[in-house]
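Here's a quick briefing to read with the structure open beside you. Have a look at the chain below, then work through the notes by topic.

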Amino acid sequence: MASTLSESSRISTNPSRIVLITGVSKGLGRALALELANRGHTIIGCSRDQPKLDSLRQQLSSNNHLLFNANVRSNNNVKELARAVVQNKCVPDIIVNNAGVVNRIGNAWEIDVEDFDNVIDTNVKGIANVLRHFIPLMIPNKHGIIINMSSIAGRTGITHIAPYCASKWAVEGLSKSVAKELPEGMAVVALDPGTINTDMLVSATGSSASKYLTPERW
């Protein structure tokens, strides 16, 4: 217990960071934004859900945070997001690529092409769009950490969510490759957060999702 408390103390006294979180309006993204803001960090967030962005804005502890309506699937949306961040002099120290979706449950050959495309475009190409436009902004600062949300599904096969598994395997490979390309002082990691009771889990497992930690508790 003493070591845990000591670690918490060190985290809480760290200098304030600027943290960009995609998919910030709900689930892990929202919980991270609120917790990190409470610890004194500045949040840049994006989501496609304007009402939930508005409610998050009301919950955040100050007006220093920046929330944008942007779809990471769109390269142009992410380009505009990066431009707005530069204009506000808020180049992130940390990026959490959290935005993600899961396919409708079914065998791989039964998944609609639009559903499959949505998973790949969000979970893989969405991360690539963020890397494309934000890494060049971070390199001059000679520091930065990029966290790409992965899953156990990116390290094994799971029935009925083959598109999601494929996307998370891609996240693992993309993260390892880009990590080798970054200059000293920067890092990319793929993070498996475990099983969390989010809307995504409910869509995949139904009522059994309630057995797991809430995003806030996580």
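Start with a bend: helix α5 has a kink of about 35 degrees, centred on Lys-125. Keep in mind that this is a predicted model. The notes below begin with that helix, step back to the whole chain, and then turn to charged pairs and two backbone oddities.

**The kinked helix**
- Helix α5 covers residues 113-138, 26 residues in all.
- From first C-alpha to last, α5 reaches 36 Å, close to the 38 Å expected at 1.5 Å a residue.
- Lys-125, at the centre of the kink, also turns up in a salt-bridge network described further down.

**The chain as a whole**
- The protein chain has 7 helices and 6 strands.
- Walk along the sequence and you get α-β-α-β-α-β-α-β-α-β-α-β-α.
- Of the 218 residues in the protein chain, 43% are buried.
- Take the contacts between residues at least 6 apart in sequence: 62% of them join residues at least 24 apart.
- About 11600 Å² of the protein chain is exposed, and carbon and sulfur atoms supply 53% of that area.

**Salt bridges**
- How many salt bridges does the structure hold? There are 7, and three of the pairs are picked out here.
- As general background, side chains of opposite charge can pair when their charged atoms come close.
- Asp-121 and Arg-73 meet through their side chains, 3.4 Å from N to O. Asp-121 sits in helix α5 while Arg-73 is in the loop between β3 (66-69) and α4 (75-87), so this pair ties together parts that are 48 residues apart in sequence.
- In that pair, Asp-121 is buried at 18% relative accessible area, because buried means under 20%. Arg-73 is partly exposed at 34%.
- Lys-176 pairs with Glu-172, with the closest N and O atoms 3.2 Å apart. Both are in helix α6 (residues 162-181), and being 4 residues apart puts about one helical turn between Lys-176 and Glu-172.
- Is each partner buried or exposed? Lys-176 counts as exposed at 53% relative accessibility, whereas Glu-172 is buried at 7%.
- Going back to α5's neighbourhood, salt bridges that share partners join Arg-73, Asp-121 and Lys-125 into one network.
- Arg-39 and Glu-35 form another salt bridge, at 2.9 Å from N to O. Arg-39 is partly exposed, at 36% relative accessible area, and Glu-35 is partly exposed too, at 39%.

**Positive phi outside glycine**
- For context, most residues other than glycine have a negative phi.
- Lys-142 goes the other way, with a positive phi near 60 degrees. You'll find Lys-142 in the loop between α5 and β5 (144-149), and Lys-142 is exposed, with a relative accessible area of 65%.
- His-160 isn't a glycine either, yet its phi is positive at about 75 degrees. His-160 lies in the loop between β5 and α6 and counts as partly exposed, at 38% relative accessibility.

Note on methods
Residues are numbered from 1 along each chain as its sequence is written. This is a predicted model: local features need pLDDT of at least 70, side-chain atom pairs count only at pLDDT 80 or more; totals for chains, interfaces and linings use all residues. Side-chain values use heavy atoms; hydrogens and water are left out. Helices (H or I, at least four residues) and strands (E, at least two) are DSSP runs, numbered from the N terminus. The expected span of a helix is 1.5 Å times one less than its number of residues. The bend at a residue is the angle between axes fitted to the seven residues ending there and the seven starting there. Buried means under 20% relative accessible area, exposed over 50%, partly exposed in between (1.4 Å probe, protein chains only). Contact means heavy atoms within 4.5 Å. Accessible areas come from the Shrake-Rupley method with a 1.4 Å probe; for residues, only the protein chains shown count as cover. A salt bridge is a side-chain nitrogen of Lys or Arg within 4 Å of a carboxyl oxygen of Asp or Glu.
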